[in-house]
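Welcome! Let's take a friendly walk through a protein model, stopping at a few spots that are worth a closer look.

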Amino acid sequence: LRAFDKVQVLPQPRAMAGPAALVAQVARTCQEVQRKRVLHLVGSRQDEFYHDLSVLYARACDACQDLDRERFEFLFAVVHMDGTWSFPSGLDDKSLAAAERIPFAGAIARIGDLAPDVMVPHMFCVEGMTRFRSLFDLLDIPFLGNHEYTVWPATDKATTKQLLDACGVRVPKGNLLVKGQKEWPSSVRVPLVVKPCNEDNSRGITLVKREEDLAAAIEYAFSFDPRVVVDEYIAGREVRAACVEEADGTLTVLPKIEYFLTDIRTSAHKLATDQSGKLKSDAIQAAKKDGDRQCPADLSPALHERINAMVKEAHRVLKCRHYSLYDLRIDADEQPYILEAALFCSFSPLSVIPSMAQHAGREDLKHPNFFHSLLERAAAEKPSRTAVVASGAGALANAPTSDTLAELTRTVSDGNSTKSEPSVGSESA
């Protein structure tokens with residue numbers, strides 16, 4: 001009997017879960033496995049303006065209440081101006097400040113551990129639009145939008161014009177100025193538009209109506225870029241047009257936006273800043289004024305057809321992917337001219353392409369439906385591990401991991417010190 005005094009009485013086992021509970025648990029597990037991991041790439045190493053602009057648009061994208069968070073898990077990678085990276089839990093100020101900053105090598109390993117299915121680029125600087133996209137190409141992580149081989153020529157307004165003009169797409173006449181080589185236009189006269197080749201958001205742009213003001217405008221543009229475009233001013237209407245790729249590869253031109261302007265769009269028309277020049281927290285919304293634009297634009301059928309044909313051809317010439325966006329001027333004879341290409345979209349409700357798509361009369365193009373479809377399309381490009389092993393590809397053909405990239409990150413981390421080039425990129429409506 002004394003022996004039985006020492007016997008521990010164990011609690012009764014819990015009743016096994018019923019069939020319905022087990023089915024629900026399996027369903028939840030399957031849903032987690034099937035959920036696509038989406039990495040938002042944010043920030044800039046160039047300057048505070050482009051870093052803050054990137055965060056601004058990425059926040060607007062993630063803040064959309066209609067995003068399907070059961071199909072997609074959204075993650076964040078932030079590139080800071082000192083070259084370090086962080087992986088915050090969110091893009092609010094508190095989360096950004098609390099996130100640990102790590103060097104490039106550690107960031108590559110972290111991306112491998114996260115194993116994203118697709119990346120959404122929100123970097124507006126040239127480096128972010130090109131080299132960082134190439135990085136994800138090397139890691140076999142697909143992303144939304146245009147590849148670096150498309151963005152490189154499109155970031156330079158003079159190169160864009162040369163490519164389009166050579167293929168019969170109408171552009172304004174003009175001259176390319178290069179600091180220290182050719183610093184004065186030779187074949188165009190006032191009124192002129194002077195703008196840096198590698199800037200966006202209308203930074204450095206001047207409409208010159210008097211010859212005596214031209215030198216100052218050129219000097220101002222050269223302060224942004226050693227390459228400057230001087231174009232004839234096309235008096236008339238200003239329109240933005242975009243085309244998107246359907247799942248079968250055909251191109252659809254979205255409803256166009258017309259801006260009602262005195263002359264040209266300036267940076268003040270696009271982004272609002274405070275007295276110190278820093279972007280306001282509501283920079284996109286604050287820059288818009290009642291009655292300053294109309295979508296769909298009220299254009300004649302003939303003009304619609306001309307613009308549609310023009311932007312589709314430009315999309316093909318520039319080898320765009322998923323979407324492309326263009327600024328145009330329309331002269332008194334209803335002849336359109338492409339001023340420049342804006343091959344970027346952050347897919348927020350405030351972005352111009354989603355704004356246009358809202359008027360297309362198609363549910364599949366409305367935001368965020370089109371965004372979701374592009375995420376699925378891009379994610380489908382990611383090689384499976386089975387396919388990689390079967391093909392005999394190396395470690396970089398898989399999403400990277402801490403182990404497989406330890407040596408790689410040591411060899412490429414020196415690239416962290418490369419200075420970024422002049423910038424490009426905003427796509428606000």
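## Cysteines

Let's begin with Cys167, which is partly exposed, with a relative accessible area of 41%. Keep in mind as you look around that this is a predicted model. How many disulfides does the structure hold? The count is 0.

Cys345 makes a good example of a cysteine that is in no disulfide. The nearest cysteine sulfur belongs to Cys61 and is 8.5 Å away, whereas a disulfide needs two sulfur atoms within 2.5 Å. Is Cys345 buried or exposed? With a relative accessibility of 3%, Cys345 counts as buried.

## A sheet of five strands

Now turn to the strands. An open sheet is formed by 5 strands, in the order 4-3-2-1-5, and its pairing is mixed. At the edges stand strand 4 (101-102) and strand 5 (118-121). Each of these has a single partner strand, so one side of each is left without a neighbour in the sheet.

Strand 2 (residues 72-79) has 7 of its 8 residues buried, so this strand is largely enclosed by the rest of the structure. Strand 2 runs parallel to strand 1 (residues 36-43), and 8 bridges join the two. If you want to find a matching position, look at Leu41, which stands opposite Ala77 in strand 2. To get from strand 1 to strand 2, the chain passes through helix 3 (residues 48-62), and this β-α-β crossover is right-handed.

What about strand 3? Strand 2 and strand 3 run antiparallel and are joined by 2 bridges. Here Val79 stands opposite Trp85, and Val78 stands opposite Ser86. The two strands form a hairpin with 5 residues between them. In the turn you will find Gly83, with a positive phi of about 90 degrees.

## Aromatic rings

We have just met Trp85 as a residue of strand 3, and its ring is worth a look too. A pair of aromatic rings is described by the distance of the centres and the angle of the planes. In this model, the count comes to 11 aromatic pairs. One of them is formed by Trp85 and Phe132, whose ring centres are 5.9 Å apart and whose planes meet at 40 degrees, making the pair tilted. Trp85 lies in strand 3 (residues 85-86) and Phe132 in helix 7 (residues 131-138), so the pair ties together parts that are 47 residues apart in sequence. Both of these residues, Trp85 and Phe132, are buried.

Another pair is made by Tyr220 and Phe224. Their ring centres lie 5.3 Å apart with the planes at 90 degrees, so this pair is edge-to-face. Tyr220 is partly exposed, at a relative accessible area of 40%, and Phe224 is partly exposed as well, at 23%. Which residues do ring pairs link into a cluster? They are Trp85, Phe87, Phe104 and Phe132.

## Charges over rings

Rings can also have a charged side chain over their face. Arg170 lies over the face of Tyr337, 5.6 Å from the ring centre. Arg321 takes up such a position over Phe143, at 5.5 Å from the ring centre.

## Unusual backbone spots

Finally, let's look at the backbone. Most residues other than glycine have a negative phi, and most peptide bonds are trans. Where can you find a peptide bond that is cis? One runs from Val190 to Pro191, with omega near 0 degrees. Pro191 sits in the loop between strand 6 (174-178) and strand 7 (192-196). The peptide bond from His367 to Pro368 is also cis, with omega near 5 degrees. Pro368 is in the loop between helix 13 (352-357) and helix 14 (369-379).

Next come two residues with a positive phi. Lys319 is not a glycine, yet its phi is positive at about 60 degrees. Its place is in the loop between helix 12 (301-317) and strand 14 (323-330). His322 lies in the loop between helix 12 and strand 14 too, and its phi is near 75 degrees, again a positive value in a residue other than glycine. Which of the words buried and exposed fits each residue? Lys319 counts as exposed, at 57% relative accessibility, whereas His322 counts as buried, at 4%.

Note on methods
Residues numbered from 1 in each chain as written. Predicted model: local features only at pLDDT ≥ 70, side-chain atom pairs only at ≥ 80, totals over all residues. Heavy atoms only, no water. Phe/Tyr/Trp six-rings, centres within 6.5 Å; stacked < 30°, edge-to-face > 60°. Helix = DSSP H or I, 4+ residues; strand = E, 2+ residues; numbered from the N terminus. Buried < 20%, exposed > 50% of the residue type's maximum accessible area, 1.4 Å probe, protein only. Lys NZ or Arg CZ within 6 Å of the ring centre and 35° of its normal. Pairing = 2+ DSSP bridges. Right-handed = clockwise from strand over helix to strand, strands pointing away.
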